[in-house]
Amino acid sequence: MGFLSISIDNFIKKHLEINPSENKNDLKNQLEKSLADYNKGIKCHCGNEIWVVGSAFAGNGCFTCITGESFPIEDYEIESAIIKKENNKKGRKSINKINPKTMSGFFNDDGTEINIDLVKKPNLCISCMNDNDPDEEILCILTRSDQEENKEFVCYAYKKRKN
């Protein structure tokens, strides 16, 4: 299902109904700080986009790192963050919009499809024994895809090709 879109004010209202002892102003400040961090491009330590709602309570982290779950199911996220996340993924299919009977391929943790033909191959891969090994191909593609936005590529399965 994914995140449920909610405004900051509506989230505060719902949260305070369940947690009446919490301070409304503190909660609003925490949410606004997390949203500002998200808008600045601050990422979770794992490299994924932060989850604004969860980050307000647990520090800047993605949904998976905060909850231990791989995908949100009816968890709240601030509406402006959802809009920005969707705009960042234009042109990529979402797992939520694909008929489960026809679904195939690979997907990122955020539910967007990985087009394996568009995953760039770093120079390190060319000198690796696993390059073009059909038994390692899927793992290699997913490792490269996972690090596409990183400045430096790191692969713990790398084995230098023998000359």
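A residue is called exposed here when its relative accessible area is over 50%, and buried when that area is under 20%. With this in hand, the two faces of a helix can be told apart, and helix α1 is a good place to begin in this predicted model.

Helix α1 covers residues 8-18. Its buried residues are I8, F11, I12, H15 and L16. Around the helix axis these residues take up an arc of only 125°, so they sit on the same side of α1. The spacing fits a general rule: an α-helix has 3.6 residues a turn, so residues three or four places apart point the same way. The other side of α1 holds the exposed residues K13, E17 and I18. For K13, the relative accessibility is 55%, and because exposed means over 50%, K13 counts as exposed. K13 also has a partner of interest further along the chain: its C-alpha atom is 8.7 Å from that of K24, although 11 residues separate the two in sequence.

K24 opens the next helix to be described, α2, which runs over residues 24-39. At 1.5 Å a residue, its 16 residues should span 22 Å, and the C-alpha atoms at its ends are indeed 22 Å apart, so expectation and model agree. Buried positions in α2 are L27, L31, S34, L35, D37 and Y38. They cover an arc of only 160° around the axis, and therefore lie on the same side of α2. The face turned away from this buried side carries N25 and K33, both exposed. The two ends of α2 have features of their own. At the start, a side-chain oxygen of N23 comes to within 2.8 Å of the backbone nitrogen of N25. After the helix comes G41, with a positive phi near 90°.

Positive phi values also appear in residues other than glycine. One of them is E74, where phi is near 60°. E74 belongs to strand β2, residues 73-78, and with a relative accessibility of 47% it counts as partly exposed, because this value falls between the 20% and 50% limits. Another is N132, with phi near 70°. N132 is found in the loop between α6 and α7, and at 66% relative accessibility it counts as exposed, since the limit is 50%.

The same loop, between α6 and α7, also holds N130. Its relative accessible area is 8%, so N130 is buried. A polar atom of the N130 side chain lies 2.9 Å from the backbone oxygen of A157. Both N130 and A157 take part in lining an enclosed space, to which the description now turns.

Rolling a probe the size of a water molecule over the atoms shows where empty space is left. A search of the whole structure finds 1 cavity of 30 Å³ or more. The volume of the largest cavity is about 100 Å³. Its lining is made up of L124, C125, C128, N130, D131, C140, T143, R144, F153, C155, A157 and Y158. Two elements, α6 (123-126) and α7 (137-146), give two or more residues to this lining. The greatest contribution comes from α7, with 3 residues. Sorted by class, the lining has 8 nonpolar, 2 polar and 2 charged residues.

Terms used:
Residues are numbered from 1 along each chain as its sequence is written. This is a predicted model: local features need pLDDT of at least 70, side-chain atom pairs count only at pLDDT 80 or more; totals for chains, interfaces and linings use all residues. Side-chain values use heavy atoms; hydrogens and water are left out. On a 1 Å grid over the protein atoms alone, a cavity is a set of points where a 1.4 Å probe fits but cannot get out, and a pocket is an open set with protein on both sides within 12 Å along at least five of seven lines; lining residues have an atom within 4 Å of a point. Grid points are joined across faces, edges and corners, and a volume is the space filled by probe spheres set on the points. Helices (H or I, at least four residues) and strands (E, at least two) are DSSP runs, numbered from the N terminus. Ala, Val, Leu, Ile, Met, Phe, Trp, Tyr, Cys and Pro count as nonpolar, Asp, Glu, Lys and Arg as charged, and the others, Gly among them, as polar. The expected span of a helix is 1.5 Å times one less than its number of residues. Buried means under 20% relative accessible area, exposed over 50%, partly exposed in between (1.4 Å probe, protein chains only). The arc is that of the directions from the helix axis to the C-beta atoms. A polar contact is a pair of N or O atoms within 3.5 Å; within protein, one must be able to donate a hydrogen and the other to accept it, and residues adjacent in sequence count only if both atoms are side-chain atoms.
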